Amino acid sequence: MTTTQLSQLDQRTLRDAFGSFPSGVVAVAASVKGQLTGIAASSFTSVSIDPPLVSFSVATSSSSWPLLREAGHLGISVLADHHDDICRQLAGPREQRFDGLPFTVTEGGAVLLKEAVATFDVTVHDEVEAGDHLIVLLRIHEVGAGNGEHPLVFHKSGFAKLHRDDLDPTRLDGRINGADVPPTSGDADAA
Ligand SMILES: Cc1cc2nc3c(=O)[nH]c(=O)nc-3n(C[C@H](O)[C@H](O)[C@H](O)COP(=O)(O)O)c2cc1C
């Protein structure tokens, strides 16, 4: 592995290193003052169970966030592996982002994509300045479970698919998110 000193860090090196960390992608979307507004975001992450919080980071240069943050409720949709074109569309020209998109709008204004892996109806809980981004904490009000779709994976500036074989829950031994998964026989070495 080659290492680069902090003082020599250039943005390309940093972006490449950040891109080596795989993530899912969500749509953050709402109907605000009658206008459909949204972006694709790979910075989404779970934060807290009690109270139920998630977060994502938005660039301070975002032209959509000033409008989105005015929404009563926002929709977070975890994109499925067949949503790669939709992801590009949601990151493209603003006026075309919702063209032909299958979605529903809740009474509170959250825009939720159909066939998403999971959906969250949220409100803005807090915003924290973080360099050229804002970390946005979101309070969850409703969760939609999806129908077993597989998630879209974003990695090294491209899209990938998840191989479930690598995530056999019976081998996690109940240690992920406090899930109560009993160990299977033959797992004595999985300390
Ligand atoms: C896969 C993918 C992930 C993205 N993740 C983020 C993100 O986490 N935060 C962000 O601010 N923009 C992210 N973007 C860019 C936004 O989707 C959008 O293009 C950008 O906010 C500019 O649009 P706007 O001016 O309407 O905000 C991502 C784009 C793509 C394609």
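In this predicted model, Ser77 sits in strand β6, which covers residues 74–78. A good starting point is to ask whether Ser77 is buried or exposed. Its relative accessible area is 0%, and because buried means under 20%, Ser77 counts as buried. The side chain of this serine also has a polar partner: one of its polar atoms is 2.9 Å from the backbone nitrogen of Leu113. Beyond the neighbours within four places in sequence, the residues in contact with Ser77 include Val25, Val26 and Ala27, as well as Val111, Leu112 and Leu113. Ala116, Ala118 and Thr119 are also among the contacts of Ser77.

Attention now turns to the ligand. It is surrounded by 16 residues, and the closest are Ala40, Ser43, Ser62, Ser63 and Ser64. Sorted by class, this shell holds 8 nonpolar, 6 polar and 2 charged residues. Two strands, β3 (35–41) and β5 (53–59), each contribute at least two residues to the shell.

Which atoms of the ligand pair with polar backbone atoms of Ala40 and Ser57? For Ala40, the partner is an oxygen atom of the ligand, at 2.7 Å from a polar backbone atom. For Ser57, a polar backbone atom is found 2.8 Å from a nitrogen atom of the ligand. Ser62 takes part through its side chain instead, with a polar atom 2.5 Å from an oxygen atom of the ligand. How much of the ligand does the protein bury? On its own, the ligand exposes 610 Å², and 78% of that is buried by the protein.

Note on methods
Residues numbered from 1 in each chain as written. Predicted model: local features only at pLDDT ≥ 70, side-chain atom pairs only at ≥ 80, totals over all residues. Heavy atoms only, no water. Near = heavy atom within 4 Å. Polar contact = N/O pair within 3.5 Å; in protein donor to acceptor, adjacent residues only side chain to side chain. Areas by Shrake-Rupley, 256 points an atom, 1.4 Å probe, with all protein chains shown as cover. Helix = DSSP H or I, 4+ residues; strand = E, 2+ residues; numbered from the N terminus. Nonpolar A, V, L, I, M, F, W, Y, C, P; charged D, E, K, R; others polar. Buried < 20%, exposed > 50% of the residue type's maximum accessible area, 1.4 Å probe, protein only. Contact = heavy atoms within 4.5 Å.
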